[in-house]
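Here's a quick tour for the bench. Have a look at the structure first, then read on for the details.

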Amino acid sequence: MPIEGVDRLFDNLERIIDKTSAQELKSGFIEIAKPIQRQVQNYARPHYKTGRLDANIFVTSGNPDKSDVIVGVSFKNAPEGMWLEYGTSRQPARPFFHPAVVSMIGDTARALVTLFQRVIGQAIK
């Protein structure tokens, strides 16, 4: 027994895939990642001394052939970020990165839904 609409669904999915580039998604993901970066910087503020940690919390576009985006801390340039997040043998952990990201889950999910609705809407026109 055939299911109505399956052919149309597959046609729409193919059109979405054909019309949506990794770069288009990546630019949307970068915009979504910027508030996460700011939130991580806000959570790191109580540990602000030199500004080095704050300056080394970044968003980058990741692999140029994929739609991935990275929010991170350059522990090479700001090792205190790792010491704070994970602790040391002499200092307990005082995480800032993970709690900041967790606090953004709802906003990030809503932003992703909006991005996907826009991209899919443009692709199926």
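Ala-44 counts as buried because its relative accessible area is 6%, under the 20% cut-off. This is a predicted model, so keep that in mind for everything below. Ala-44 sits in helix H2, and that helix ties together much of what follows.

**Ala-44 and its surroundings**
- Setting aside neighbours within four places in sequence, Ala-44 is in contact with Leu-53, Ile-57 and Phe-96.
- Ser-103 is 59 residues from Ala-44 in sequence, and the two C-alpha atoms are 14 Å apart in space.
- Ala-44 also turns up in the lining of the largest cavity, along with Gln-41, Arg-45, His-47, Tyr-48, Leu-53 and Asp-54.

**The cavity**
- Searching the whole structure turns up one cavity of 30 Å³ or more.
- The volume of the largest cavity comes out at about 30 Å³.
- Helices H2 and H3 each put at least two residues into the lining of the largest cavity.
- Sorted by class, that lining has three nonpolar, two polar and two charged residues.

**Helix H2 as a whole**
- Does the length of H2 add up, or what span should its 23 residues have? At 1.5 Å a residue, residues 22–44 should span 33 Å, and the end C-alpha atoms are 32 Å apart, so the two agree.
- The buried residues of H2 are Leu-25, Lys-26, Gly-28, Phe-29, Ile-32, Ala-33, Ile-36, Gln-37, Gln-39, Val-40, Gln-41 and Ala-44.
- Those buried residues pack against three helices and two strands by name: H3 (52–55), H5 (97–103) and H6 (105–123), plus S1 (57–60) and S2 (70–73).

**Gln-37, another buried spot on H2**
- Gln-37 belongs to helix H2 too.
- With a relative accessible area of 18%, Gln-37 is buried, since the cut-off is under 20%.
- Outside its neighbours within four places in sequence, Gln-37 is in contact with Ile-57, Phe-58, Val-59 and Val-71.

**The aromatic pair**
- How many aromatic pairs does a search of the whole structure find? It finds one.
- That pair is Phe-29 with Phe-116, edge-to-face, at 6.2 Å centre to centre and 90° between the planes.
- It links distant parts of the chain: Phe-29 is in helix H2 and Phe-116 is in helix H6, 87 residues apart.
- Is Phe-29 buried or exposed? Phe-29 counts as buried because its relative accessibility is 18%.
- Phe-116 has 36% relative accessibility, so Phe-116 counts as partly exposed.

**The largest pocket**
- The largest pocket has a volume of about 310 Å³.
- It is lined by 14 residues, and the closest to its centre are His-47, Lys-49, Glu-80, Leu-84 and Arg-94.
- Helices H3 and H4 (80–86) each supply at least two lining residues, and H4 gives the most, with three.
- By class, the pocket lining has five nonpolar, five polar and four charged residues.
- His-47 is one to look at twice: it is among the residues closest to the pocket centre, and it is also one of the residues that line the largest cavity.

How values were computed. Residues are numbered from 1 along each chain as its sequence is written. This is a predicted model: local features need pLDDT of at least 70, side-chain atom pairs count only at pLDDT 80 or more; totals for chains, interfaces and linings use all residues. Side-chain values use heavy atoms; hydrogens and water are left out. Helices (H or I, at least four residues) and strands (E, at least two) are DSSP runs, numbered from the N terminus. The expected span of a helix is 1.5 Å times one less than its number of residues. Buried means under 20% relative accessible area, exposed over 50%, partly exposed in between (1.4 Å probe, protein chains only). Contact means heavy atoms within 4.5 Å. On a 1 Å grid over the protein atoms alone, a cavity is a set of points where a 1.4 Å probe fits but cannot get out, and a pocket is an open set with protein on both sides within 12 Å along at least five of seven lines; lining residues have an atom within 4 Å of a point. Grid points are joined across faces, edges and corners, and a volume is the space filled by probe spheres set on the points. Ala, Val, Leu, Ile, Met, Phe, Trp, Tyr, Cys and Pro count as nonpolar, Asp, Glu, Lys and Arg as charged, and the others, Gly among them, as polar. Rings of Phe, Tyr and Trp (its six-membered ring) pair if their centres lie within 6.5 Å; planes under 30 degrees apart count as stacked, over 60 as edge-to-face and the rest as tilted.
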